[in-house]
Amino acid sequence: MLTRRAALMGAAGIAATPVLAKAAKAEEIMDTSMAEPVDLSSLQRIKRRLVRPPMVHEHEQTAPGGPRIVEFEMQIIEKEVEVDSGAYLQAMTFNGSIPGPLMVVHEGDYVELTLYNSPENLMQHNIDFHSSTGALGGGSLTLVNPGEKTTLRWKATRPGTFVYHCAPGGPMIPWHVVSGMSGAIMVLPRAGLTDHKGDPVKYDRVFYIGENDFYIPKDEKGEYKRFEDVGESYPDTLEVMNGLIPTHVVFNGKVGALTGDNALHARQGEKVLFVHSQANRDTRPHLIGGHGDLVWETGKFNNPPERDLETWFIRGGSAGAMLYEFLQPGVYAYVNHNLIEAVNLGATAHVVVEGDWDNDLMEQVQAPIEYDAVYEGKTALP
């Protein structure tokens, strides 16, 4: 018998082009209805309202008690996004932002997510949590058509920062990811973060940097193409994707998303936790004028952090964390230290820090002046 859902799943593939969104393979959809139920009625439930990155929703750094069921709601939105002047992406997003919001829970908590696929969307979507166990990270239990919703609950058994992304099956997976469908979750140890000695560590604020590589097609004149909807964009986008050379590498969805008027702000003496994710390509964050005081390069809090790093490495498909205490005021550039990608393709953020300059850490002994090149600046070598 053909159910309404099965018909919709077939129709989703017809909505755009025949090669576009095929229904997920049967082996990718699990039936867990026969599993023994678990009784979590004794656990406290709390609701968290997700916020747009780089900000992060309210949370405690140490768990206030026993494990809880933490409820989130997330809506999938397909929309056009201007990545740079004249460059438009037919984006697929979690909650309308690129990256999707950062979720924060504690080890031992249960994450309960209700995922909505808006009726006006064209595509099937789901969510794969790298931090969860089984069922393709939840991907095989969350596949929803436009106009459907689903609720998934999973136990956060491993502390750290982890990527989540859409993974609807086959060639749809990379396309959905590079169209904006990724985010991160931070699972804090119940007692909070600790340094390399095991001593407690607190942060004053947290920023979430989601890095994305985009592949926006150009026409025969070298100008960026613009499409009516996400379905129409697929064939040309696929051709660019398969060349493996991104047209843009950006933080938080677009060039300039975290610079100028959109810069991040902190104060001298504050300890800031940076969570950085990249769901598709390797990257190498660097804070110009600062350091990684404590760096969980792989993002896993069971491992002691490295110290005093100048640049650290985030593997594609993972998220890392870095803690830094800002010691000087001024504008800091937080970049992908492939400087071509930072300067030319867009992977740059600014942090504006307020405070009083400390000449003991750095002093301009002599401001730039002209000099007599005949008598100064000569080297001993011929």
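**Note on the predicted model**

1. Not counting residues up to four places away in sequence, C166 touches F94, H125, N126, I173, H176, V177 and M181. The structure is a predicted model, and the remarks below should be read accordingly. C166 is found in the loop between β8 (160–165) and α2 (172–178). Is C166 buried or exposed? With a relative accessibility of 0%, C166 counts as buried, since the limit for that term is under 20% relative accessible area.

2. C166 also appears in an annotation. Under "binding site", an unreviewed UniProt entry lists H125, H130, H165, C166, H176, M181 and H337. These positions span 213 residues in sequence, and the farthest two C-alpha atoms are 32.7 Å apart, so the listed residues do not all gather at one spot. Among the contacts of C166 are H125, H176 and M181, and the UniProt list includes these three residues.

3. H130, another residue of that list, is placed in the loop between β6 (128–129) and β7. Its relative accessible area is 34%, and H130 is therefore partly exposed; the term covers values between 20% and 50%. Leaving aside neighbours within four places in sequence, H130 is in contact with F162, V163, H165 and G317.

4. F162, one of the contacts of H130, also has a charged partner. The charged end of K300 sits over the ring of F162, at 4.4 Å from its centre. A further case involves R226, which lies over the face of Y88, 3.7 Å from the ring centre.

5. Strand β7 comprises residues 149–155. Which residues of β7 form the covered face? They are T150, L152 and W154, whereas K149, T151, R153 and K155 make up the uncovered face. In a regular strand the side chains alternate between the two faces of the sheet. Strand β5 (residues 110–117) runs antiparallel to β7, and 7 bridges join the two. Within this pairing, T114 stands opposite T151 of β7.

6. How many aromatic pairs does a search of the whole structure find? The search finds 11. In one of them, F326 and Y332, the ring centres are 4.8 Å apart and the planes stand at 80 degrees, so this pair is edge-to-face; the cut-off for that class is over 60 degrees. F326 and Y332 are both buried. They also belong to one aromatic cluster, formed by F207, F251, F274, Y324, F326, Y332 and Y334.

Conventions
Residues numbered from 1 in each chain as written. Predicted model: local features only at pLDDT ≥ 70, side-chain atom pairs only at ≥ 80, totals over all residues. Heavy atoms only, no water. Phe/Tyr/Trp six-rings, centres within 6.5 Å; stacked < 30°, edge-to-face > 60°. Buried < 20%, exposed > 50% of the residue type's maximum accessible area, 1.4 Å probe, protein only. Lys NZ or Arg CZ within 6 Å of the ring centre and 35° of its normal. Helix = DSSP H or I, 4+ residues; strand = E, 2+ residues; numbered from the N terminus. Pairing = 2+ DSSP bridges. UniProt positions renumbered as here; feature names shortened; annotations may be inferred. Contact = heavy atoms within 4.5 Å.
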